[in-house]
Every structure is written in C-alpha cells, then in structure tokens.
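Below is a short set of questions and answers for a reader who has not met this structure before.

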Amino acid sequence: MTYKEVAHTNGYEFTQGGGYELPTYPFVPPPEIGSGAPARHPIVIVGGGITGLTLACSLARLGVPAILIDEDDTVGVKGASSRGICYTQKSLEIFERLGIYEHIAAKGVQWSVGRTYAGHDEVYSFDLRQQGGYRLSQQPPFINIQQFYIEAFLVDRINALGHVELRWRNRLTAFEQDEHGALLSIETPAGAYQVRAEHVIDATGSASPLRKWLQVPFDSKRGDDRWCIADVRFTTRPPQERHTWIEAPFNENRAVWQHLMGDDVWRIDYQMAPNADPAYVSREDVVRERLARQFGPEVEVEIVWVGPYAYRSECVHAMRHGRVFFMGDSAKVVSPFGARGGNTGVADADNLAWKLAAVMRGRAAPALLESYGDERLEAARENVRVTNRTARFLRPADGIERTYRNAAIALAKRHAFARPLINTGRMAVANPYTRSRACLYGEGSAAGQSVQNVAFAWADGREGRLNQLLDWAAGDLLLLCFGPLSRADRKRLAGLSATAPLRVVQVVGADNAAQCLEHVRDLKGALRDACQAAAGGWALVRPDAYLAAHGRAVNADLVQAIGLALGLTGVNA
C-alpha cells in the first residue's frame, strides 16, 4: 500500500504474466465527509489484507461495530495477487468459525505429504496426516489456495454479517493520539474527513506508515537471498505434494519449492544468485527456460504470474503503542519458509478480536487487552527465530554454516536418523502461550495450548465439533467438565455461570448419565484428549480455542482462572 508521506516500493515492479482476475469493490462516500466534526468509532482497522479482514470478520461475527479502511478497491495486490498460499490447520479452524471454510476447501488443494531432495536423492519426507499433532481436528493439516480468494471470501462474509463497515479507497494520511482517543485523517475520491477511535488496529503490512509515524522500535535483519516466483499451469500435472530441492540440479544447485494451488496453478519458487538482476530473472523467456530445465523441453506451460522477491525479518518490541495494536506484517515480517507469515496474522486477529469484543461489551476488564502482547509477541519472536534458522540452512554463510549443511545432507542421504536435520521450513503449528497473564499455569499444565476442532456427539446423537460449542458460547468462556459432578459442584458452577460470562457444558462418556441439561458425549475421548484434561477434571476454553486453564476440582483455581482469562485479576505470577 502507498501512504502519503511514507514513500516505499511494494517490490513488484518487475512482475510479468497475465495475472489474476480480481474482484473490485465500489467506493461509497463516507457519511463523515462534509460533516465538520470527526465522527466517533470504537474500533478502526487500517488495512484490508488477510489480517485486517480476519479481524473485521471476527468482530462482525461477535456483533461488535467497527470500520475498516483500505486505500485499494480490491483484494490481493494488483500485479502480485498470488502472495500467501499455504494455510495451516489452526487458520482453517478459525476460518470455519468465521463461516468461510467450506469455500476454501472447495477452491483449494489439500496436501499432507512433503518430499525434500538434494540433487536427485530424496533426503527427507513426511506425511502430516500420520503425525499425532494433526489427527484430532476436523480440518486437514494444510490447504493451498491463493491468498486473494480467502480475502474475497472474508469480504463477502463481512458484508453478510453486518456490524463492520468496509470502506474502500479510503487512505490514511495522518494520525495522532492522546489519553482521550486517536484521531485519524483519511482521504477519499470524494474528499477528506476525520474520525476518532478508541482502538486502532494496524494491519497495513510490512511498510506500515503507523509504525513509522509512531517511531515504533523494532529489530530488523535483511539478507541477500533472492528468489523468483512462477505461478504456472501445466498440460501434465506433477504429484499433489510439496516438493522441495535444497540443491536442484536444474537450478544451478540452488533451492526450489513446488506447490499446487487452486485453479490448477502451480507455485514454483526458484532461489536465485544473490546478485541476480530482478528484471532479468523475471523475464518470460528466462522463466520459460528455467521451467524447461526442470520439467523437460516438451512441457507446455501457461505463465499466470511471475515476479522476484527478497525477504527480511522484522519484529516490533511491543504489539501495542498507546491505542494502536500491531498485527500481521506490521508487527513482524518473516521469511516465507514453513507458512509462518499470513497464518500468524490470522492468529493475531483471532486472538485480539474476542478480547476487544469482551471489553467493548463490558464482559472483561480493559487489562485483558494487555495479554494480546504477551501472547502474540511470543508467537512473533518464535516464528522469526524458526524462519531465520531455515533461511540460514538454505543460504548458509561460508564456514561453519556451510560445513554443517553439507554434513547434514551427506548423512541424510545414507542414514534415516539425520533426515530431520534437513531444514527447508519447520511447518507452522498453533503457537503456544507460555507467559500469558491471561492463563493459569501450574505443574504439568497445558494452559496456553491450542485446542483442536475435535468431534463429539450431541445429546441427541448427532455429531458436533468444538467450534460449534464456541459458536454457542457467543464470545463467552467455555467450561468443559469431564465426568460426573457432585451436587456441590453443580451448585458452584451454577453460581459462576450466573455471575460471569461463562458457559458450562458437562462432557460424559457413552455409559454415564448426564447430570446437566447442557451436556455432550465424548464417545472416543477426543475432546478430553484435545483439552489434555484429567478424567473428572475441567478445561476452561477461550473463544479463540486456546486453553486458559485446566484442573481436577471445582475450586478456587477455577475461580482464579476465570478472573485471569477476563483480565479481572492481577498479572499471573
């Protein structure tokens, strides 16, 4: 995005190809134009990419009013629409809660098998469906789909839900804040206007003007690695797997990625020489030569889009600056290894949305918003660390790094034990929160872990899933009690649910009689496993499907956990 007084390039000036057909959205003159005094809005989201739209859709689902402004009139980036493609199980679970998962599953491509090659030798492979961390959810490990499709699905869903107004071709030009609120100056084709906001969400991306205007400190590291993306269609289809070459003989022994996306389009990422000329490497004739070396001279290829890129890593020191919350690429930028970019922004939005909703509706204390920084800064730092390690493996410095990589490849070709040392991207998972003021930790605690969207049986025998329970809780905390409850426990729980934004559900097995009207049956124990709860214990699940706490008895620990999860009690020691 281009903002007044913040000059930068989007890095797509050398792109080639026919591109994608993107929807366009009409400009509607905002009612504030010509009104004189700034209008007040509780929440203003700046930026209509995947992160901002996910937040907007999450707020709309919870009935919280907000406006979103974006200077463009479409989704994606004109001339570079493909962008993110690989969406994790956690993101897919979030999208199911938002009501767009079925569209994503229908358009995208599921995959679970990845193969890594050094030269012509396969040195590492995995099947995510065989890994226990993915098996409980109703969503697959990954779906590949062009990012602009998800953004378009979110726009349609927001418009259907109401509550959040999308303002296209509205460009932020100035910003100030004080103890009374934030003041945003906005330009449109119909004139300029101003709005006041209680909370401002910066989802403008890696070239954030707000971050620059506010002089937000951040750590940054820029490498010299260069890549060229080719989005192509073939007359013959390669295997529907993720293939990676650390040393591709058809690419001067540099790395190559190969993914299938929606519309039968393949994303091929080619690592280039550090001094490569971006205009030259993205020329159509050069790209076709590169594809012919990989797939053979007889291959027939339609080039949908091609363009070079270079990556960097950045991370802010804090996720909040006064009334501004940073999320997505405005908070951190990572190299594109392991699908830790856009997915992290989706999780940022999911984390902040329910907290903003709870505070705005008077169901939680404003102090709860501080836990957004605890949790998502930890996630951002971890994702930067993990992707930087992958980047060093793919482009090692001369000396010990190159010696290590050569040794790892040589060992992996001969010995299975060495294959996990091959690092072409540690696939993204739901980040745990280990130091959050909103979670109650204890010895052996699973607090701060994501709870998968597992299946169970409703009281009438129909299949249900965790996301449906979260929908029913409507933004309140969800307390799952596993097994029989004493009369005293039922009385305590009734008192808690009457005085706190808490929904209580008893979870019983196939042979146990239910003692509560609100109950479900966990016939295979999947729900209890997902919550890592003890038999006869309880699990407190937040609206973002994270575990706030779990315990064995309905006692003071449960009361403390509820207080922490709502920001009502002090910082967790």
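Q: Which residue in strand 21 is the bridge partner of F456?
A: In this predicted model, strand 20 (residues 455–458) and strand 21 run antiparallel and are joined by three bridges; strands here are DSSP runs (E, at least two residues) and helices are H or I runs of at least four, numbered from the N terminus. Two strands pair if DSSP finds at least two bridges between them. Residues are numbered from 1 along each chain as its sequence is written. Within strand 21, the partner of F456 is G464.

Q: Which strands stand at the edges of the sheet with the order 21-20-24-23-22-25-26?
A: Seven strands form this open sheet, and the pairing is mixed. An edge strand has a single partner strand, so one of its sides is left without a neighbour in the sheet. The edges are strand 21 (463–465) and strand 26 (547–551).

Q: What angle does the direction of helix 12 make with that of strand 23?
A: Helix 12 (residues 487–499) packs on the sheet and touches strand 22 (477–482) and strand 23 (502–508), contact meaning heavy atoms within 4.5 Å. Axes are lines fitted to C-alpha atoms, for helices over the stretch in contact, and angles run from 0 to 180 degrees between N-to-C directions. The angle with strand 23 is about 145°.

Q: Is helix 9 roughly parallel or roughly perpendicular to helix 10?
A: Helix 9 and helix 10 (residues 400–414) pack with their axes 9 Å apart, at an angle of about 80°. Angles under 35 degrees count as roughly parallel, over 145 as roughly antiparallel, 65 to 115 as roughly perpendicular and the rest as oblique. Helix 9 is therefore, relative to helix 10, roughly perpendicular.

Q: Which residues of helix 10 meet R392, F393 and L394?
A: R392, F393 and L394 belong to helix 9. Their counterparts in helix 10 are E401, Y404, R405 and A408.

Q: How many residues apart are Y149 and F153 in helix 4?
A: Y149 and F153 form a stacked aromatic pair, 6.3 Å centre to centre with 25° between the planes. Rings of Phe, Tyr and Trp (its six-membered ring) pair if their centres lie within 6.5 Å; planes under 30 degrees apart count as stacked, over 60 as edge-to-face and the rest as tilted. The two lie about one helical turn apart in helix 4 (residues 147–161), because their separation in sequence is four residues.

Q: Over which residues does pLDDT stay under 50?
A: pLDDT is the predictor's confidence in each residue, from 0 to 100, and the protein chain averages 88. Where pLDDT is low, the predicted coordinates should not be read in detail. Local features need pLDDT of at least 70, side-chain atom pairs count only at 80 or more, totals for chains, interfaces and linings use all residues, and side-chain values use heavy atoms, with hydrogens and water left out. The stretch under 50 is residues 1–13.
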